[in-house]
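Let's take a walk through this structure together, one piece at a time. Keep the 3D view open and follow along.

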Amino acid sequence: MDSVETSADKLAELKTEEPKQNDASEEEPTDPADGKVTGDVNMDEDEKDRQLRAIRQIEFYFADANLPYDKFMWTLHTANPEHWVPIKTVASFKRMREFSALGLEWVTKALRTSDTLEVDEKGENVRRRTEVTEPKGQFDRSVYAKGFGEEAPGLQEKLEAFFNQYGRTSAVRMRREEGSKSFKGSVFVEFDDMSSVEKFLNADPKPAWDGKELLTMSKEAYCEMKIKEKGLTGKAAVLRKESMASGQGRKGFNAFKEMDGKGKQKDQKGKEKSKPEVWLEFLGHRIRVYEEDGGKIKEEEVPYVKGASLKFDGVEGDVSFDEIKGPLKERFPRSPFVQYTKGDTWGLVGFDKALSDEEIAFVKEKIKTLGAKDIVWSHLDEETEKKFQFERASSAAKRALSFSQRDDRGGGRGGRGGRGGRGSRGGRGGRGGGRGGDRNRERREKNEEGKPAAAAAGEDQAGEKRKRAVEPDGAPDTGVRGQSIPVIQSAKKAKTDGEVAS
């Protein structure tokens, strides 16, 4: 089989930047680890509980609260146009080492039961079921707690178990000194919902650690306390709080800022460069992509192509996207867009043109059953199909903008616009300089959905400095230094514009 040609060809040599230590009001950065994957398994632990712990850990790596803020994980996530990440890579992270004695097959089997992640047919790769979205309400759902003493082995796991008594947590972040990286004895904890926050803050008796009562408060109250300690008033106090609440004070990587293009680019004279326009080719039309919200399109500019979508109904059990896409390769050069949520009995399939009666008959003949049950294919009504096509275009627009910005910062080969898009500028900076533009010109004739087109050619950019890789975790002493990004092997095919669960 052929290797998927993605930006991973270039990123295989890229080492991402290690997050810098933050000040007292910031979160703990991830930390690397070295050595081989080893670990003993507690065989007395209930198998179901052990699987659940492994699933929760990997779900955290891919969660909205972690993935877009961890450069190494985000690089893995974007290295493949369909966002597949090798399971063996994730299973090698330090927090997964305790499960290593059970083998990779055990981890894969556990992942197949996840509601938020999916495994490919070969059982080699894993990815999210939905697109990454910027977390909302993180500030309100976060608390501060102090009084955990000095750091000891296994403290991160104990802290997570402690806070999970009050409700499911999205992240437990140990806070560290900026220079020495020593544990401050305090943490920021983000809960999944407000009821868990209230349960923790209003607990009676108050939460205690090793028999000593903890100092606890909401993160908002903590920010107010720090603002007063610093003597900030008026506009300075307001700006400081807004920065802490929005996460703008975070010094580490932020994928949303990358996609929003907030990092201004300047030429050698220090003047800000004008950014080329980004366009999306969708259903035979060119649509302008705007930078708002990480890639926005105007609904009135999205064409309505009647008969370019079909609905399947009657599914029993879970269905993989390959069950739908695989049989259609014979007739359709470009893989269709599939929208299906695990557990539903129905789903939608979008094509790159209006289907003829002959093509509809082909689909019905090739895919008669899904989930071991006969299904029924039908057309969408106009209102539903318009909404579906707008969702397709919106998803492709965000990827098109993201990959066009990656190219603009300098990359050997032209970046691809997510699962269905392809960058068309091909920056010449960094490794592989000068080849990106030529390769993209050769590939433009493929005309895949989600392909961003620039109104002006990208100027020469200095390649990003290759730096040390750090794996995600949110825990102390975790990660693997110097690990390159793996290239996922799969059969060559046209990429879809995305598979988004509704």
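A good place to start is helix α6, whose buried residues pack against β4 (142-146), β5 (169-176), β6 (183-191), α7 (194-201) and β7 (208-209). Keep in mind that you're looking at a predicted model. So which residues of α6 are buried? The helix covers residues 155-163, and the buried ones are Leu155, Gln156, Leu159, Glu160, Phe162 and Phe163. If you look down the axis of α6, these buried residues fall within an arc of 160 degrees, so they line one face of the helix. There's a simple bit of background to this: an α-helix has 3.6 residues a turn, so residues three or four places apart point the same way.

Next, let's turn to the strands. Four of them make an open sheet, in the order β5-β6-β4-β9, and the pairing is antiparallel. Find the edges and you'll land on β5 and β9 (215-218); each has a single partner strand, so one side of each has no neighbour in the sheet. On average, neighbouring strands in this sheet are turned by 20 degrees against each other, direction ignored. Zoom in on β4 and β9 and you'll find four bridges joining this antiparallel pair. For instance, Tyr144 has Met217 in β9 as its bridge partner.

Another antiparallel pair sits further along the chain: β10 (residues 278-282) and β11 (residues 285-289), with five bridges between them. One partnership to look for is Trp279 with Arg288 in β11. What do β10 and β11 form? They make a hairpin, with two residues between the strands. Leu283 is in the turn, and its phi is positive, at about 50 degrees.

Now head back to helix α3 (residues 71-79). Eight of its nine residues are buried, so α3 is largely enclosed by the rest of the structure. The buried ones are Phe72, Met73, Trp74, Thr75, Leu76, His77, Thr78 and Ala79. At the N-terminal end of α3, Asp70 acts as a cap: one of its side-chain oxygens lies 3.1 Å from the backbone nitrogen of Phe72.

Our last stop is Thr341, in the loop between β13 (337-339) and β14 (346-350). Is Thr341 buried or partly exposed? With a relative accessible area of 22%, Thr341 counts as partly exposed, since buried means under 20%. Look across to Arg129, too: Thr341 and Arg129 are 212 residues apart in sequence, but their C-alpha atoms are 8.1 Å apart in space.

Note on methods
Residues are numbered from 1 along each chain as its sequence is written. This is a predicted model: local features need pLDDT of at least 70, side-chain atom pairs count only at pLDDT 80 or more; totals for chains, interfaces and linings use all residues. Side-chain values use heavy atoms; hydrogens and water are left out. Buried means under 20% relative accessible area, exposed over 50%, partly exposed in between (1.4 Å probe, protein chains only). The arc is that of the directions from the helix axis to the C-beta atoms. Contact means heavy atoms within 4.5 Å. Two strands pair if DSSP finds at least two bridges between them. Axes are lines fitted to C-alpha atoms, for helices over the stretch in contact, and angles run from 0 to 180 degrees between N-to-C directions. A polar contact is a pair of N or O atoms within 3.5 Å; within protein, one must be able to donate a hydrogen and the other to accept it, and residues adjacent in sequence count only if both atoms are side-chain atoms.
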